[in-house]
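Please open the structure in a viewer and keep the sequence at hand. The tour below proceeds by selection: each stop names what to pick and then states what is found there.

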Amino acid sequence: MLYNGTIQLFPLLRVALALVAGCAVALLCPSVPLLAWLLGAVAALMLAIILHRHDMAQTTALLLLFFMVGALRMSQKWQEVSVPLPAEEQVYQAVVTSEPQERGKVVRMDLMIVGGPLHGHRLKAALLRDTLNQRYSHLHLGDGIVARSLLQQPDTMPQSQFNYPLYLKSRDFIATTFIYYRNWRKAVVPLTDISYMERTRLAALQLRQKILKQYFSWQMDDDPSAITIAMTMGDRSRITQEMREVYSISGASHVLALSGLHLGIIYAMLVILFGYRRFRALTELLIIIGIWTYAFLTGLSPSVQRAAFMISIYSIVSLIQRDRMSLNTLSLTAIIMLLIHPLSLVDVGFQMSFMAVLFIIVFSPRMFAWVPERWLDTLSIFSFHPLRWLWAMVVVSCCAQLGTAPLTAFYFGRFSTYFLASNCVVMPLTTLILYVTLFVFAFSFCTPVQQWLIEALNTIVQTQNQALAAISQWPGSHVSGLSPSALLVLGFYLLVFIMLLTPWRRVGRSLFNRNSPKP
């Protein structure tokens with residue numbers, strides 16, 4: 001699959017890398033004016049037109065153009081989120097864009113300012129609870145408020161590689177604020193003043209809150225209920241710190257954040273429902289609509305966006321019989337997401353999801369070929385090949401872990417040593433949990449069957465929690481205290497990229513199975 005000529009085989013990879021490089025340079029040099037990047041893009045475009053008879057030179061000019069476009073988009077976005085904040089308290093109208101959550105003495109929520117000089121900007125708010133009247137308990141997603149508070153730049157977390165201010169900017173938050181319980185009141189705020197996309201997202205999140213009420217009516221145990229909600233609806237707010245630690249130490253925390261694994265299962269479910277070959281275009285359209293509906297319901301996190309874009313491209317490409325799951329597909333997904341929201345580049349979820357998929361695409365075919373096919377088919381039962389399925393799961397888990405391990409060590413200072421055992425537990429159970437949850441909703445008209453399914457779901461999630469808790473207690477379950485530098489992490493990924501450009505025929509032939517397909 002990959003050999004000397006990778007860049008020629010996957011032209012969108014070059015474009016994506018140039019775009020990423022431009023975004024990164026503009027982020028590191030925020031003082032460069034927007035006009036400079038715009039003039040650079042125009043110059044690169046003119047150069048590409050002039051050099052139309054010189055393929056290599058024109059290609060270089062085009063890559064320079066995409067570099068400038070990436071820098072231009074990042075510079076534009078940085079200016080949008082780097083708003084000068086007033087030094088004194090401000091009175092403003094805002095819409096609550098997340099369901100308020102009680103955290104100790106405060107209620108935490110996201111706000112979007114409506115009207116005034118900061119119109120359309122987002123805030124991370126902490127509202128002091130009034131224990132006497134408890135007015136905060138009547139505040140919900142989509143409500144409008146009038147508040148008076150001081151808007152502040154978020155503080156950097158001490159002794160941490162995680163850049164919290166940059167993280168907030170990547171999610172379009174310009175400031176944090178603390179609201180005293182006497183300094184706010186509910187108000188009618190016209191939603192017509194915010195963008196159509198934001199109104200659609202609010203409507204989807206309000207629908208999600210109604211769906212979550214159904215989960216609460218099932219009367220599952222606390223931990224299984226919280227894990228089920230996280231794995232199916234993307235709401236992790238109810239997971240206890242103890243359970244978060246169990247999933248983190250065991251190396252299974254990725255199943256709590258909706259990603260390609262979850263949307264892949266949803267995609268398979270939709271293929272079964274709409275899998276009519278006679279109307280391929282209509283089928284793929286229905287699948288894409290279903291995927292994006294689910295993505296909006298779960299909050300449109302960067303990992304969900306990446307998976308939704310990739311599945312959409314996968315579906316469209318399948319209509320023209322092209323290589324669907326390739327570096328071109330992944331690269332096109334990155335290009336679209338960075339052009340829409342360039343600050344996604346600094347989002348941890350964006351980085352980890354792309355690296356996981358990149359390593360799966362690049363290395364899994366070769367790793368899978370390490371075991372001869374005749375061995376994998378020894379225990380086959382009709383069309384089911386258990387050894388092939390098990391080996392594929394091991395290969396995918398190893399590739400994904402290899403791709404994300406440097407980032408995990410950099411941001412969280414930890415490496416889970418038993419990730420394979422954890423993935424062998426969570427990957428089949430995640431599929432089962434998603435399907436059983438769907439059946440619980442499907443049989444809402446038949447209470448006895450639904451109750452039986454709820455009990456089964458509770459048992460499955462409880463089994464997963466107990467298995468991961470046991471793995472987290474194994475000796476040497478994780479290595480903590482890691483602190484690789486950003487330069488070291490970047491060097492690792494550059495080394496991998498160099499390997500992609502290196503001819504497999506000449507270098508590293510002995511590393512892979514000799515029976516693997518020749519490039």
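**Cysteines**

The structure holds zero disulfides. The model is a predicted one, and the tour begins with its cysteines.

Select Cys-399 together with Cys-398. The cysteine sulfur closest to that of Cys-399 belongs to Cys-398, and at 6.9 Å it is too far away for a bond. A pair of cysteine sulfur atoms would have to lie within 2.5 Å to count as a disulfide. Cys-399 is buried, because its relative accessible area is 1%. Next, select Cys-23, which is likewise buried, with a relative accessible area of 1%.

**Salt bridges**

Twelve salt bridges are present in the structure. Three of them are visited here, starting inside a single helix.

Select Lys-77 and Glu-80. These two residues form a salt bridge whose closest N and O atoms are 3.4 Å apart. Both belong to helix α4 (residues 55-81), where a spacing of three residues corresponds to about one turn of the helix. Are the two partners buried or exposed? Glu-80 counts as partly exposed, because its relative accessibility is 41%, whereas Lys-77 is buried, with a relative accessible area of 10%.

Move next to Arg-122 and Glu-198, whose side chains meet in a salt bridge at 3.5 Å, N to O. This pair links distant parts of the chain: Arg-122 is in strand β4 (residues 122-128) and Glu-198 is in helix α6 (residues 196-217), 76 residues apart. Both Arg-122 and Glu-198 are buried.

Now select Arg-414 and Glu-245. A salt bridge joins their side chains, with an N to O distance of 2.9 Å. Arg-414 lies in strand β8 (residues 414-416) and Glu-245 in helix α8 (residues 241-250), so the pair ties together parts that are 169 residues apart in sequence. Arg-414 is buried, with a relative accessible area of 16%, while Glu-245 is partly exposed at 31%. Finally, add Asp-172 to a selection of Lys-77 and Glu-80: salt bridges that share partners join these residues into one network.

**Surface patches**

Switch to a surface display and select Arg-103, Arg-108, Arg-236 and Arg-244. What do these residues form? They make up a positive surface patch. Within this patch, Arg-103 is located in strand β2 (residues 101-103). Arg-103 counts as partly exposed, because its relative accessibility is 37%.

For a patch of another kind, select Leu-35, Leu-38, Leu-39, Val-42, Met-46 and Ile-50. Together they make a nonpolar surface patch of about 590 Å². Leu-35 is placed in helix α3 (residues 34-50). With a relative accessible area of 53%, Leu-35 is exposed, since the term applies to values over 50%.

**A last stop at a buried leucine**

Select Leu-330, which is found in helix α12 (residues 327-340). Leu-330 is buried, because its relative accessible area is 5%. To finish, add Arg-306 and draw a line between the two C-alpha atoms. How far apart are Leu-330 and Arg-306 in sequence and in space? The separation is 24 residues in sequence and 8.9 Å in space, C-alpha to C-alpha.

Conventions. Residues numbered from 1 in each chain as written. Predicted model: local features only at pLDDT ≥ 70, side-chain atom pairs only at ≥ 80, totals over all residues. Heavy atoms only, no water. Patch = residues over 30% accessible without salt bridge, like charges linked within 9 Å, V, L, I, M, F, W, Y side chains within 5 Å. Areas by Shrake-Rupley, 256 points an atom, 1.4 Å probe, with all protein chains shown as cover. Salt bridge = Lys/Arg side-chain N within 4 Å of Asp/Glu carboxyl O. Lys, Arg positive; Asp, Glu negative; His and termini not counted. Charge placed at Lys NZ, Arg CZ, Asp CG, Glu CD. Helix = DSSP H or I, 4+ residues; strand = E, 2+ residues; numbered from the N terminus. Buried < 20%, exposed > 50% of the residue type's maximum accessible area, 1.4 Å probe, protein only.
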